Amino acid sequence: MASSSSDPQNLITKADNLTTLSFTRWNADWINATVLYEQAANAFKIAKDYERAKSAYEKASKGQEMLSSPWEAAKNMESAGAMSKELRNWREVGDFYRRASELYIECGRSQAASDALAKGARALEDSQPEEAIKLYTDACTILEEDGGEQMTFDLYRAAASVYIKQEKYTDAASFLLKLGLAADKCNATNSQTKAYLSAIIVYLYAQDFKQAEKCYNDCSQIDGFLRNDHGRCASKLLTAFKDGDIEEIKRITQSSIISNLDHVIIRLARKLPMGDVNALKANSDTIKDEEEPLDENDLT
Amino acid sequence: MSVIDILFRVDEVCKKYDKYDIDKQREQNAYGDDAFARVYAVVDSTIQQALIKSEAAAKESNRAVAAAWNAEVRRAKGRLMDEVPKLRKLANKKAKGLTKEDIAIRQDLVLALPERIQAIPDGITSAASHTGGWAATSAHPHIKFDSPEGPVDSDYFSHSEESSQFRNEYEMRKLKQDEGLDIISEGLDTLKNLALDMNEELDRQVPLMDEIDSKVDRANSEVRNTNLRLKKTITEMRSSRNFCIDITLMCVLLGIIMWLYNALK
């Protein structure tokens with residue numbers, strides 16, 4: 001009895017027999033079947049047979065669903081997702097983690113749901129960044145609906161770093177601003193000002209000086225940012241860019257304020273100034289010239 | 001019937017009656033053949049959404065919300081500008097059932113698009129309206145040392161070797177102190193950052209602790225109830241066990257009597 005019960009394949013066949021309906025069996029016995037499925041899945045995992053462990057976890061999760069215990073079902077789904085990550089089956093990873101988070105939402109545990117999505121997103125960061133971003137955004141929406149914005153900081157930061165890796169700088173900056181918004185709701189001024197400074201640095205790295213200025217103007221409406229160290233650093237950086245002073249820019253980026261930001265942002269800041277600073281300076285000068293003739297002609 | 005079954009059933013029913021969903025069908029069938037019209041419709045609706053968002057951002061009093069929404073509008077504008085060359089190519093394609101005038105109209109529409117996209121307001125553009133925004137106002141008053149920086153060479157002051165040596169030493173020591181103070185200030189910056197982060201982390205953990213508190217209270221009371229019930233059952237058991245002990249002792253007694261009876265017989 002001991003050898004046959006420890007052989008996971010036997011367990012699976014036994015459990016399948018318990019659940020398939022046939023002439024002699026009119027009700028599926030999910031309780032025992034689920035127990036057997038879970039045992040088999042653990043045994044497969046220890047034996048590093050990920051393919052079969054994954055299918056065993058899937059069946060165990062379905063069994064738990066039949067028994068109306070979504071919490072256990074969600075846990076099994078997460079384990080299945082971890083197995084398919086080992087197998088590098090990326091589409092399934094996303095599916096499993098999404099299903100797990102749905103089950104958690106059924107239990108009413110939004111924190112666990114967003115954790116499941118975040119785990120899935122982290123697994124998919126390298127292989128399917130688009131999918132990872134979607135998972136991160138969904139996780140943040142779930143948390144924000146339930147009033148748990150404090151947990152969203154890490155998720156927004158991770159999503160922004162994925163965008164930066166993909167070189168989509170406007171998207172990364174908008175995520176950082178969303179981070180600032182969430183921090184504002186929780187009165188976490190330090191994270192908020194850090195997020196705004198990071199967004200301005202990302203815009204400058206993308207050589208979009210006008211966007212950076214607009215962003216700074218938007219954020220300087222907020223008192224906390226205007227008088228904060230980060231705000232002052234941002235204004236110094238922008239003046240240095242406008243004047244085309246490369247030395248000043250390098251000095252600012254070496255300062256300790258920038259070194260306290262997220263390491264992805266620090267890397268971008270150290271590479272500033274990108275491109276031709278003098279071109280940016282020339283651009284801003286021509287804009288000033290265009291405005292003046294308008295003023296002369298404006299007789300009102 | 002469990003929740004799962006209800007969900008499955010609802011899904012099946014919805015799938016069955018999908019063909020009667022007018023809006024969905026219209027979406028799928030409209031512009032079926034005409035790629036240009038489809039893409040143009042999508043771009044148009046995106047522009048409308050961006051306009052609505054930018055209007056809401058302008059009216060919003062919470063600046064953080066306004067900043068975030070403006071960033072979204074800018075992002076949408078960037079994506080729309082990427083779509084414009086695609087549309088241009090599609091507009092030049094000849095499709096069946098289109099007259100020359102239609103094609104000309106389409107090309108005009110595409111040309112007007114970039115201006116419409118740029119016209120969407122996305123944040124405060126005038127830097128002049130912020131007085132003192134650009135001036136790097138330092139909140140700390142200047143810390144001045146009481147060192148004579150005025151003209152050293154004056155008629156009433158003559159160098160001697162000692163005094164110039166003193167002066168040099170003083171300058172060197174001042175430089176070393178400045179370096180030391182710089183290092184201290186960097187360390188303090190790091191400490192300040194760590195302290196602020198710790199502060200935020202603790203703030204984050206407060207609601208979690210409250211949840212743990214209430215859950216543990218609930219578990220505590222449940223365990224106490226279970227204990228009481230267990231105690232009651234055990235006392236009952238014992239009294240019934242006393243009863244069993246009585247019966248066994250009686251049987252033993254009967255056995256002894258039988259044995260005596262047999263022995264005396």
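Begin with the salt bridges between chain A and chain B: this predicted model has six of them. To view one example, select B:Arg74 together with A:Asp218, whose side chains form a salt bridge with an N to O distance of 2.9 Å. Polar contacts may be displayed next; 17 residue pairs between chain A and chain B are in polar contact, counting pairs in which both residues have pLDDT 80 or more.

Now colour chain A by helix and keep the side that touches chain B in view. The elements that contribute two or more residues to this side are α9 (152-165), α10 (169-185), α11 (189-205), α12 (209-219) and α14 (229-243) of chain A. Select α10(A) in particular, since it gives the most to that side, with eight residues. Colouring by residue class then shows 13 nonpolar, 15 polar and 14 charged residues on the side of chain A that touches chain B.

Widen the selection to the whole interface. Here 42 residues of chain A are in contact with 37 residues of chain B. Between them the two chains bury about 3,500 Å², and carbon and sulfur atoms account for 51% of that area.

Hide chain B for display and turn to chain A. Its secondary structure consists of 18 helices and zero strands. Of the 300 residues in chain A, 50% are buried. The accessible surface of chain A comes to about 14,400 Å², with 49% belonging to carbon and sulfur atoms. A contact map offers another view: among contacts in chain A between residues at least 6 apart in sequence, 54% join residues at least 24 apart.

For a buried site, select helix α17 of chain A, residues 263-271. Its buried residues are A:Val264, A:Ile265, A:Ile266, A:Leu268 and A:Ala269. Next, add the elements that cover these residues, which include α9, α10, α11, α15 (246-254) and α16 (256-259) of chain A. Three of these names are familiar from the interface: α9, α10 and α11 of chain A also appear among the elements giving two or more residues to the side that touches chain B.

The final stop is A:Leu21, in the loop between α2 (8-19) and α3 (30-46) of chain A. Is A:Leu21 buried or exposed? A:Leu21 counts as exposed because its relative accessibility is 60%, and the cut-off for exposed is over 50%. To see what surrounds this residue, select A:Trp26, A:Asn27 and A:Ala28, with which A:Leu21 is in contact when its neighbours within four places in sequence are left aside.

Technical notes: Residues numbered from 1 in each chain as written. Chains lettered and ligands numbered in written order. Predicted model: local features only at pLDDT ≥ 70, side-chain atom pairs only at ≥ 80, totals over all residues. Heavy atoms only, no water. Contact = heavy atoms within 4.5 Å. Buried area = accessible area lost by both parts, 1.4 Å probe. Salt bridge = Lys/Arg side-chain N within 4 Å of Asp/Glu carboxyl O. Polar contact = N/O pair within 3.5 Å; in protein donor to acceptor, adjacent residues only side chain to side chain. Helix = DSSP H or I, 4+ residues; strand = E, 2+ residues; numbered from the N terminus. Nonpolar A, V, L, I, M, F, W, Y, C, P; charged D, E, K, R; others polar. Buried < 20%, exposed > 50% of the residue type's maximum accessible area, 1.4 Å probe, protein only. Areas by Shrake-Rupley, 256 points an atom, 1.4 Å probe, with all protein chains shown as cover.
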